[in-house]
Amino acid sequence: MTDERTNPTTVDAIVVGAGLAGLYATHRLHSMGLSIQCFEAGSGVGGTWFWNRYPGARCDVESLDYSFSFSPELQKEWRWTERYATQSEILLYLEHVAGRYALHQHYSFSTRIVSAHLDESSLLWTVASEDGRTWTARFVIFATGPLSTSNIPAIEGLGEFSGRILHTGQWPREEVDFAGLRVAVIGTGSSGIQAIPQIAQKARHLFVFQRTPNFSIPARNFAWDGEALDEALGSYDTRRALSLASKAGTPHPSSPTRTFDVNDEEREALFEAAWERGGATFSKTFADQLVDPAANQYAVDFVHRKILSIVEDPEVAKKLLPIDHAIGAKRICVDIGYFETYNRDNVTLVDLNATPIETIEKTGIRTTAAFYEVDDIVLATGFDALTGTLNRIDIRGRRGQLLRDVWADGPRTFLGLAVAGFPNLFIVNGPGSPSVLANMVLTAEQHVDWIANAIAYLSSSGFAGIEANVDAQDAWGDHVSATAAGTIIGKGHSWYTGANIPGKSPVFMPYVGGLDVYRTRCDELAASDYGGFTLLDAATSQGVTDSS
Ligand code: FAD
Ligand code: NAP
């Protein structure tokens with residue numbers, strides 16, 4: 001590798017993002033001896049867990065699994081206090097990781113990257129920050145997050161509101177006190193479903209503005225006691241091995257039993273056991289649950305019965321029933337006391353399907369039926385997912401082509417890691433990878449390891465670059481679409497397809513095939529001297545091998 005450490009504006013690799021993916025990329029690339037410069041728009045590390053500080057924010061993959069696996073020492077020294085850690089505990093953990101591996105020193109914080117331009121002749125990227133500074137590097141790794149650009153809905157009058165407007169994904173660092181206030185929450189996805197029970201406990205009155213009801217499964221969260229945690233830490237190797245061999249990156253296998261293999265009574269008992277166990281593994285109760293709509297309907301009916309049994313007012317309960325999509329078609333939610341919250345006297349559910357919002361005014365929200373006077377509005381309205389963050393950066397590859405133009409009809413990537421026409425640019429947890437459908441700590445580790453190994457290979461083989469081939473990229477895109485077509489995942493109005501963002505091309509973006517299958521495919525390509533990629537010569541920037 002070139003040693004340009006004397007000139008800090010020219011480095012081997014640039015990493016954008018200090019979420020868990022960026023932190024691991026920084027650690028890995030620095031350990032390889034590369035000179036690196038890293039950037040983060042926020043003032044600290046943590047990514048998702050830096051920004052999403054809303055009350056109730058937690059992971060929904062168990063913390064023992066939603067944590068780094070690359071270091072056995074790190075893995076054993078961190079003692080999670082709960083099954084599903086809070087945002088603050090996950091942030092503490094990521095700060096601990098950054099401190100342990102001295103990662104802060106590589107970052108320029110509060111620095112938003114606004115452009116990345118390729119010089120085709122030298123195969124170098126020049127990256128610029130919002131304040132006009134520039135850096136040059138051979139490799140650029142965008143670890144900018146699949147869920148890092150908030151969706152602020154274009155509701156008429158939002159700007160006129162005189163109270164606080166808080167988006168869950170841009171929550172203030174200081175504590176937000178709702179005591180004695182009338183609060184509106186707009187949105188009932190995972191963020192809203194976590195925040196609503198917490199806000200209801202503090203606010204004078206909470207109005208929940210719901211457009212689409214969602215499926216949610218109780219978390220059955222618990223605090224670890226010392227002995228049980230010791231035992232779990234003692235069997236970490238087995239736990240990780242199961243996760244790495246799985247589709248979702250967790251150690252809980254899907255049941256081999258199919259919905260119609262059992263009678264009604266047995267089926268009910270299995271659903272009941274899954275409901276009692278809690279968490280997103282409810283989707284794994286039966287092997288065919290996410291594939292066969294008829295099988296899925298049994299799971300839908302079960303959860304409907306649960307909602308009707310928890311919510312005391314039958315009219316409110318009915319409005320909370322998700323009826324427009326299969327369970328698992330959108331990301332399943334995991335909650336602590338969500339449906340129970342509607343039994344509180346200080347909570348009102350506003351059904352936006354029956355009475356849509358007309359305008360937001362200075363003192364509240366007007367629907368077609370009523371005016372709701374509120375002090376604060378919480379937007380739990382989600383994200384411009386997977387492509388939104390990258391499309392906001394002026395990324396120009398060969399012949400000056402803009403990435404967002406190339407992706408105008410939906411993202412095309414090879415393995416979610418690379419894009420034809422953008423040599424030496426890598427994406428972590430991007431579209432076309434299993435990221436958002438799996439445990440994203442493990443997907444980040446896998447992506448970063450693959451990228452780091454590819455860079456090491458280029459260096460040891462005397463190549464200056466690597467670029468995805470168009471035909472391999474097209475074949476991967478077709479495979480991503482075909483795999484999704486065989487399941488019920490994504491068959492609904494959701495961020496998986498970009499349907500939550502007006503004007504976004506509706507394309508199912510993540511890879512449904514599973515982390516296990518994906519990892520094997522990535523490993524095979526690496527082992528075949530990077531099949532599907534062209535390896536580039538420094539002097540000419542032309543391909544000297546076309547491995548497709
Ligand atoms: P991020 O954590 O999003 O980090 C990206 C960073 O890049 C951000 O800090 C951002 O500021 C920075 N950035 C972006 N653009 C720029 C730019 N132009 N210049 C400089 N910096 C930039 N996943 C799971 O697997 N399990 C869970 O339980 C889970 N729970 C979640 C809970 C919430 C509330 C949310 C919102 C998401 C959750 N996710 C979960 C998904 C989560 O996003 C990923 O698990 C993971 O944190 C992504 O890490 P990342 O490093 O890829 O991206
Ligand atoms: P989301 O799932 O996209 O939900 C957004 C909500 O806002 C939906 O209910 C949506 O309604 C509503 N909405 C959007 N625009 C609206 C408008 N103009 N008027 C009224 N309602 C509007 O976003 P999210 O809840 O932030 O979750 C995003 C993803 O982040 C999750 O799927 C998950 O992957 C991750 N996450 C995980 C956790 C966790 O439990 N660990 C917590 C939070 C987030 P419609 O459905 O009708 O569009």
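1. D264 is exposed, with a relative accessible area of 57%. This is a predicted model. D264 forms a salt bridge with R267, and their closest N and O atoms lie 2.8 Å apart. R267 is buried, at 6% relative accessible area. The bridge thus ties an exposed acid to a buried base.

2. Both residues of that pair belong to helix α8, which spans residues 264-277. They sit three residues apart, about one turn of the helix. Helix α8 comes up again below: four residues of the second largest pocket's lining come from α8, the largest share.

3. The salt-bridge total for the structure is 27. Side chains of opposite charge can pair when their charged atoms come close. The next points take up individual cases.

4. E82 and R58 meet through their side chains in a salt bridge of 3.0 Å, N to O. This pair links distant parts of the chain, 24 residues apart. E82 is in the loop between α3 (72-77) and α4 (87-100). R58 is in the loop between α2 (48-51) and α3. E82 counts as buried, since its relative accessibility is 18% and the cut-off is under 20%.

5. E361 and R366 form another salt bridge, with the closest N and O atoms 2.6 Å apart. How accessible is each partner? E361 is partly exposed at 27% relative accessibility. R366 is partly exposed too, with a relative accessible area of 31%. Elsewhere, E62, D65, R83 and R239 are joined into one network by salt bridges that share partners.

6. One member of that network, R239, has its place in helix α7, residues 236-244. R239 is buried, with a relative accessible area of 16%. How far apart are R239 and D65 in sequence and in space? They are separated by 174 residues in sequence, and their C-alpha atoms are 8.0 Å apart. D65 belongs to the same network as R239.

7. On disulfides, the count comes to zero. C59 is in no disulfide: the nearest cysteine sulfur, that of C333, is 15 Å away. Because a disulfide needs two cysteine sulfur atoms within 2.5 Å, that distance rules out the pair C59 and C333. C59 is buried, at 5% relative accessible area. Another cysteine, C522, is buried as well, at 0% relative accessibility.

8. The second largest pocket has a volume of about 1,200 Å³. Its lining comprises 49 residues, and those closest to its centre are A248, A280, S283, K284 and L290. Where does this pocket lie with respect to domain 1 and domain 3? It lies between them, because both give residues to the lining. Domain 1 is made up of 9-149 + 385-546, and domain 3 covers 254-327.

9. The lining of the second largest pocket divides into 24 nonpolar, 16 polar and nine charged residues. K284 is among the residues closest to the pocket centre. By element, α8 gives the largest share of the lining, with four residues. Helix α8 is also where R267 and D264 both lie.

Methods:
Residues numbered from 1 in each chain as written. Chains lettered and ligands numbered in written order. Predicted model: local features only at pLDDT ≥ 70, side-chain atom pairs only at ≥ 80, totals over all residues. Heavy atoms only, no water. Buried < 20%, exposed > 50% of the residue type's maximum accessible area, 1.4 Å probe, protein only. Salt bridge = Lys/Arg side-chain N within 4 Å of Asp/Glu carboxyl O. Helix = DSSP H or I, 4+ residues; strand = E, 2+ residues; numbered from the N terminus. 1 Å grid on protein atoms, 1.4 Å probe; cavity = no way out; pocket = protein on both sides within 12 Å on 5 of 7 lines; lining within 4 Å. Points joined across faces, edges and corners; volume = space filled by probe spheres on them. Nonpolar A, V, L, I, M, F, W, Y, C, P; charged D, E, K, R; others polar. Domains from an automatic or database assignment.
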